[in-house]
Structure formats: C-alpha cells, structure tokens
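Q: Could you take me through a close look at one part of this protein, the open sheet and what pairs within it? I would also like a word on the ligand's surroundings.

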Amino acid sequence: MTTLPSPSPAVARAGGEHLLEVQGLSVEFRTPYGVVRAVRDVSYTLDRGETLAILGESGSGKSVSAQTIMGILESPPGHVTGGRILYHGQDMLTMPKDEQRKLRGPEISMVFQDALSALNPVFTVGAQIAEMFRAHRGASKKEGLEKAAELMDRVRIPNARGRLKDYPHQFSGGMRQRVMIAMALALDPTVLIADEPTTALDVTVQAQIMDLLQELQAENGMGVILITHDLGVVNEVADRVAVMYAGSIVETGLIDEVFSRPAHPYTVGLMSSIPRVDARDTRLTPIVGAPPNLARIPSGCAFHPRCPRAQDVCAVEAPALVEVAPGRRSACHFAEEVLSA
Ligand code: SF4
C-alpha cells in the first residue's frame with residue numbers, strides 16, 4: 001500500500017486532526033471491453049482548513065476517487081476492490097448505507113464541474129437550496145427559502161431574494177456555479193470536494209469562484225479536495241498536491257516544493273507544457289503520447305512509454321511511492337536524480 005503524504009502547515013494550524021483518510025483505495029469498472037482499473041492503491045489525507053489538490057490529465061482516476069468518497073460511484077459497473085475511506089476514524093465503505101447518507105451533505109459535500117447538469121432544470125434554484133434545509137434540518141418551506149436567500153447572498157449572487165424563483169437556465173455559467181457552491185455549503189460541511197469547479201467558466205469568472213471558495217473555507221475551516229487538471233489553479237489555492245497518473249498517485253508534497261523542484265518526470269512534463277508569463281521566449285515541451293487505456297495499463301511504471309528518462313528497469317518493475325525528501329514522495333526509480341536535476 002502507498003504511504004500517506006506528510007501533514008501540511010494547514011494541519012499545524014488546525015492542531016493536527018485528520019478529517020479524512022483515504023487508504024489504499026482501488027476501484028475498477030467491469031466492462032464488456034475488459035476491467036478498467038481506474039483507481040489503483042491510492043492513499044491521501046485531508047486536514048481541517050487545508051486544500052489538497054489532486055492533479056492529473058483526464059482519465060487519471062482523480063474524479064473516480066472523489067465519487068467513491070461521495071458514494072455516487074455507479075455500481076455496477078464500478079466496484080471498490082480495496083481500501084478504506086476513514087472520516088473521523090470511521091470507515092465509510094463499511095458503514096450501513098443510511099449512516100453514509102447522513103454524512104454526505106451535512107459533513108462531506110461536493111461541487112461538480114457542470115452545474116447545469118447537476119441542478120434540476122424543473123425546480124427553481126430557491127426550492128433546490130431550500131430542500132437541503134427541509135430534508136436535513138426539518139425546516140419549513142418558508143424557513144428553507146429564507147436560508148436559501150441568505151446563502152445566495154453569501155455566495156454573492158446579486159439580488160438574491162429576487163432570484164429565488166428563477167430556474168437554473170436563467171443564470172449565467174458563473175452564477176450557476178455559485179448556486180452549486182451555495183447548495184454544497186448549505187449544511188456547513190467539514191469536507192468539500194470540488195471537482196473541476198471552474199473548468200467550464202471563462203478565466204475571470206474562474207478567479208472569482210476560486211476566491212469565493214477560499215473565502216468560505218477561511219470562514220468555516222473546512223478541508224477542501226480540489227480536483228483539477230489546471231496547474232495555475234493548483235498553484236493559486238492549494239497547500240498540498242497529489243499528482244495522479246493512470247489511476248495512481250505518482251508524486252505528493254507541499255505545493256511550493258513540488259512546483260519548484262518536481263521529483264517525478266510526469267510532474268516535470270506537466271510543468272514544462274504550460275505557458276509561463278515570466279518566461280515568454282521559452283519553448284513549451286508537451287508530454288509525448290497519450291495517457292494509457294486503463295484496461296491495458298503498461299507493465300512496470302505506467303508512465304514508461306512516455307517518459308524521457310525511462311530505462312530498461314522501468315518497463316519491468318513498478319516503482320513504489322516513497323519518501324525522497326522530507327514531506328515529499330515520488331513513485332520513480334530515478335526520483336533522486338529528477339529532484340536534483
Ligand atoms: Fe520514468 Fe522510469 Fe521514473 Fe517511470 S520509473 S517515471 S519510466 S524514470
């Protein structure tokens with residue numbers, strides 16, 4: 001089983017309590033085309049007040065692990081084949097379903113990428129937010145709508161009270177995302193999973209939404225798991241990062257350290273393929289090839305067909321995720337050379 005990333009400064013601020021621990025999680029999809037191993041032996045922790053970014057290309061398994069935590073993994077075809085998800089020390093995977101349901105929403109909540117699909121088009125946004133209070137807190141319809149207006153105001157939707165009766169399609173993309181955030185925060189969760197929360201938005205609105213999430217996090221001290229492929233967003237808001245490739249974590253560490261001195265060739269490749277405003281004349285170097293089909297993961301190190309540093313051993317032996325510097329872990333046979341390059 002992979003070892004857990006080290007605590008961040010955020011942990012120290014919060015007194016060291018782990019809110020959530022994912023231990024050795026493995027998830028596969030059994031399809032007519034074969035078994036897709038979407039999450040392979042993944043472990044991470046989340047602490048109060050910190051933001052853990054899970055970074056990777058599409059199909060790296062980052063969203064599947066989040067769906068498993070939220071209990072919204074479609075099963076079949078999805079199956080958890082190993083691991084534990086501990087919330088305050090209790091394994092959510094073995095809890096009775098009704099116990100799990102009690103946690104999801106009031107304790108652990110999620111913001112999805114596509115608010116238009118996540119919101120119900122035939123109910124007003126006021127009714128949908130109010131329903132959270134009616135279902136979980138026994139509020140009356142009037143009390144629920146009152147709370148909904150307060151929340152919409154808190155996420156800075158202009159004229160919140162006047163928009164309670166509007167439907168999702170009457171909101172802009174950025175405002176719909178604010179509605180989603182309002183719903184996710186309605187019951188004051190301690191863990192928020194934000195799955196590509198700004199991908200569908202333009203850059204200015206992206207920045208506003210990320211600022212809003214950070215402000216709300218500062219207010220209630222929740223832990224945030226931010227799932228994204230956007231290194232810029234990670235750099236802005238995360239305390240720690242876990243880089244995923246082909247269903248596994250290949251590098252973890254504090255954000256500043258990982259971004260300034262990556263210890264895995266995949267992270268180096270990600271960093272080299274994004275434009276930097278402070279290096280205008282530098283040529284971008286894309287990672288060659290494409291992520292593997294998770295039904296046919298390459299032998300040894302899954303990254304070896306694309307890795308510029310690959311040696312013979314890489315195709316045969318899978319590297320373990322091991323500590324390469326204090327608080328830094330990398331799954332590469334040559335991590336120390338990469339780190340010192
Ligand atoms: Fe590249 Fe080999 Fe390291 Fe994998 S183990 S990342 S193939 S050098």
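A: Here is a walk through the sheet, followed by the ligand site.

This is a predicted model, in which local features need pLDDT of at least 70, side-chain atom pairs count only at pLDDT 80 or more, and totals for chains, interfaces and linings use all residues. Residues are numbered from 1 along each chain as its sequence is written, and side-chain values use heavy atoms, leaving out hydrogens and water.

Let's start with the sheet. It is open and built from eight strands, running β6-β7-β8-β3-β9-β10-β12-β11, with mixed pairing. Strands here are DSSP runs of E with at least two residues, numbered from the N terminus, and two of them pair if DSSP finds at least two bridges between them. At the edges lie β6 (108-111) and β11 (322-325), each pairing on one side only. On average, neighbouring strands of this sheet are turned by 25 degrees against each other, direction ignored; the axes behind such angles are lines fitted to C-alpha atoms.

Now zoom in on one pair. Strand β3 (residues 51-55) runs parallel to strand β9 (residues 240-245), and four bridges link them. Within this pairing, A53 stands opposite V241 of β9.

Finally, the ligand: 13 residues surround it, each with a heavy atom within 4 Å. The closest are C301, C307, C314, C332 and H333. By type, this shell divides into nine nonpolar residues, three polar and one charged; Ala, Val, Leu, Ile, Met, Phe, Trp, Tyr, Cys and Pro count as nonpolar, Asp, Glu, Lys and Arg as charged, and the others, Gly among them, as polar.

Key:
Axes are lines fitted to C-alpha atoms, for helices over the stretch in contact, and angles run from 0 to 180 degrees between N-to-C directions.
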